[in-house]
Each structure stands twice: as structure tokens, then as C-alpha cells.
Amino acid sequence: FYPAVDPGQLIEKIESYTHGNTVEPYRVLVLDDSRAQAKFMETVLKKAGMTAHIITDPMQIIHALEEFSPEIIVLDMYMPGCTGMEIARVIRQQDKLHSVPIIYLSAEEDVSKQLHAMSLGGDDFLTKPIDPKHLVATIHNRGRRARSLLALMIRDSLTGLFNHTHTLHLLDQEIARAKQKDQPMCFAMIDIDYFKKVNDTFGHPIGDRVLRSLSMFLKQRLRKSDHIGRYGGEEFAIILPDTRESDARNVLNEIRERFSELQQPAGDRDFNVTFSCGVAAWTGDSSQSLCERADRALYKSKELGRNCVTA
Ligand code: GH3
Ligand code: MG
Ligand code: MG
Ligand code: MG
């Protein structure tokens, strides 16, 4: 006999064990013009350990999306001046909100109207009065799926590092933070030397293994607060918050030296791989300009004969 365990809770527990931390509360935005219904929802969601943001005026939706950045949205269907379907359409028009789950919660019992609402971008249609457990389970499952999808979307599958798009997103975030906190920040670009030769000599699978080996190496040597991305094929980008140029140069130079000493196994003969690196300190400029400066420094390292760091 299996013990009676809520499967949702069980998975949450497993996730929290495997990641070594507890699960972040889901951020749920609720729009319902009835204050009583809104209050009820707020109580239920908070009791379930979620972070609820409740609005009763459809006009507040754009502002709430910006300020709260919800992971799941619950919409009432009939409100004065507009419908939940119209709101769903507005939400779906924004690229970054394309995959945020939308759950309708309405007294509407006409199935053809429910299906029509779903076709405009809704993921579920729940009817009032709703059993709180049913509501929480639906939000929970949608939230969990949305999170695992997001986790896949921001990573590179070969190395597990952040992908190009997400790296640039993080760079913008860190620039904003450096500005706000008046802290230094550095950006570094790494490019493996003569990588084409590695592939040609030892084969593509060994080349892939070198890419993974450098990824692990970077993860182990850099700080938890640093962000590491796979910028392109054999190019990596590193964001170093709260770091001065001289410190960034030193840490990357040490990593470069240690990595060059690492024996890369290939059957009965081992080989060594080096990389070149360009470092740029943020000077108040845009992320694009910062990237260009790091890229130019990297190009200089290549010109100087490779296996070196230029700032
Ligand atoms: P340089 O020192 O000037 O950077 O020389 P390089 O050979 O590293 O530069 P180049 O840009 O000519 O070659 C990069 C090579 O990286 C070519 C491409 O086949 C290889 N590459 C890109 N992505 C991957 C990948 O995912 N796996 C493997 N195995 N190779 C890759
Ligand atoms: Mg209503
Ligand atoms: Mg390259
Ligand atoms: Mg290269």
C-alpha cells in the first residue's frame, strides 16, 4: 500500500531536498472586481504559502504586471468595462508574458463561452464557487510547470550554463544594480584557443567534453554571485558584480593558468587546452558598449599570441 501523500507536496519536498533549499513561494496576480471574492482569494493563496497580489480594477493590470512580475495570473471573466478575455489578449501580446499561465475563475457555466475564453490565451477555466484546495492545486501545478520550462529556456543544454539571451538579460540587471548601489562591475569574454583543431584532431564528442570541462572549471573557481554564460560555440561570458578591473583580471588570469595545466583525456593520449580572455570594467556605459569593449580586449589577447588575459 502506498501512503496517502499529496503528489504535489511530495514533488515539492523532493525538489527542496535535491536543491538543498526550500521552494520560493509562487507569485500569483489575481484580478477580480468583487472585493469579497478578491479578499477570499488573498486569504486562500496566502494560507497556501503563495505570494498574492490582488487587484480589483482592470485598469491596474499593466502596472501590476510591471511591478509584481507574476508567475501565474488568475482572471475574473466579467468586470465593469472589460472582460477577462480582453485582459488575456493584452497579456499575451507581450513577448515576455507569452508563457505565463492564465487561469480564468468565473461563474460562467456555458462551456462554449469557456472554450472561447481559453482559445484567447487561457490555460484553465475554473468555475465559482471554487473549492480552495482545487484552486490551490491548479495554481500550484501550473506554477511548477512554468518554472521548469523557464529553467530550461534560460540554460544551454550542453554545459548547463546560462544561454546567450539570458546572459545578456543578467548583464542588464547587474548594470542596473551596479548603478543603484554605486558599485564596480566587470564583464569578461573567454574564447578557447584553436578549438577547431581540437575537434579536427580528437573528434567532436571530445570537443564537447572540453566545453563541459571548462564550464565546470569556471563554476568551481568563480564566486556564487558571478554569472557564467555560454555566449556562443566555444565562447563564454562572465559577469562579475562588485568587482574591480584589477581583481577580475587577476582571478581570470589564475583560472586561465590552472585550466591550461589541466589534462584533457583522449584515449591513450592526453592533451591541453588554453583560452584567451578579454575583460572590461563597467564605466557607466550600456551593456552593448561593455560587450564590445570586452570583445575588443579578447581580440587583443588573440593578437598577442593567445592563452592570456587582456583588460
Ligand atoms: P581561435 O584561437 O582563433 O579562437 O581559433 P578557433 O579554432 O578556436 O576558432 P574558430 O572560430 O575558427 O573555431 C571555433 C570552433 O568551435 C569551430 C566549431 O566547429 C567549434 N565549435 C563550436 N561549437 C561547438 C560545439 O558545441 N561543440 C564542439 N565540439 N565544437 C564546437
Ligand atoms: Mg466579476
Ligand atoms: Mg570563437
Ligand atoms: Mg576559439
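This report describes the fold, two sheets, a ligand shell and two backbone details of a predicted model.

## Overall form

The protein chain contains 11 helices and 14 strands. Its C-alpha atoms fill a box of roughly 70 × 55 × 30 Å along the principal axes. The radius of gyration of the protein chain is 25 Å, whereas a compact globule of 311 residues would have a value near 19 Å.

## The parallel sheet

One open sheet has 5 strands in the order β2-β1-β3-β6-β7, and its pairing is parallel. Why do β2 and β7 each have one side without a neighbour in the sheet? β2 (51-55) and β7 (124-127) stand at the edges and each has a single partner strand, so one side is left free of a neighbour. On average, neighbouring strands of this sheet are turned by 20 degrees against each other, with direction ignored. Strands of a sheet pair through backbone hydrogen bonds, either parallel or antiparallel.

Two of the pairs can be followed in the structure. Strand β1 (residues 27-31) runs parallel to strand β3 (residues 72-75), and 4 bridges join them. Within this pair, Leu-29 stands opposite Ile-73 in β3. Helix α6 (residues 132-153) packs on the sheet and touches β1, β3, β6 (102-106) and β7. The direction of α6 makes about 165 degrees with that of β7.

β6 and β7 also run parallel, joined by 4 bridges. Leu-105 has Leu-126 in β7 as its bridge partner. Between these two strands the chain passes through helix α5 (residues 111-119), and this β-α-β crossover is right-handed.

## The mixed sheet

A second open sheet, also of 5 strands, has the order β9-β10-β8-β13-β14. Its pairing is mixed. Here the edges are taken by β9 (227-230) and β14 (309-310); each has a single partner strand, so one side of each lacks a neighbour in the sheet.

Inside this sheet, β8 and strand β13 (residues 275-281) pair in the antiparallel sense over 7 bridges. Met-189 stands opposite Gly-278 in β13. Helix α11 (residues 287-303) lies across β8, β13 and β14, and runs at about 145 degrees to β13.

## Around ligand 1

Which residues come nearest to ligand 1? Of the 16 residues around the ligand, these are Asp-193, Phe-195, Lys-196, Gly-207 and Gly-233. By class, the shell has 5 nonpolar, 4 polar and 7 charged residues.

Three elements, β8 (185-192), α8 (195-202) and α9 (204-221), each supply at least two residues of this shell. Helix α9 gives the most, with 4 residues. Strand β8 thus has two roles in this description: it pairs with β13 in the mixed sheet, and it supplies residues to the shell around ligand 1.

## Two backbone details

Most residues other than glycine have a negative phi, and most peptide bonds are trans. Two places in the model depart from these patterns.

The peptide bond that joins Lys-128 and Pro-129 is cis, with omega about -5 degrees. Pro-129 lies in the loop between β7 and α6. Tyr-194 has a phi near 45 degrees, a positive value in a residue other than glycine. Where does Tyr-194 lie? Tyr-194 is in the loop between β8 and α8, two elements that each supply at least two residues of the shell around ligand 1.

Key: Residues numbered from 1 in each chain as written. Chains lettered and ligands numbered in written order. Predicted model: local features only at pLDDT ≥ 70, side-chain atom pairs only at ≥ 80, totals over all residues. Pairing = 2+ DSSP bridges. Axes fitted to C-alpha atoms, helices over the stretch in contact; angles between N-to-C directions. Contact = placed C-beta atoms within 7 Å. Right-handed = clockwise from strand over helix to strand, strands pointing away. Near = placed C-beta within 6 Å. Nonpolar A, V, L, I, M, F, W, Y, C, P; charged D, E, K, R; others polar. Rg over C-alpha atoms; globule rule 2.2 N^0.38 Å.
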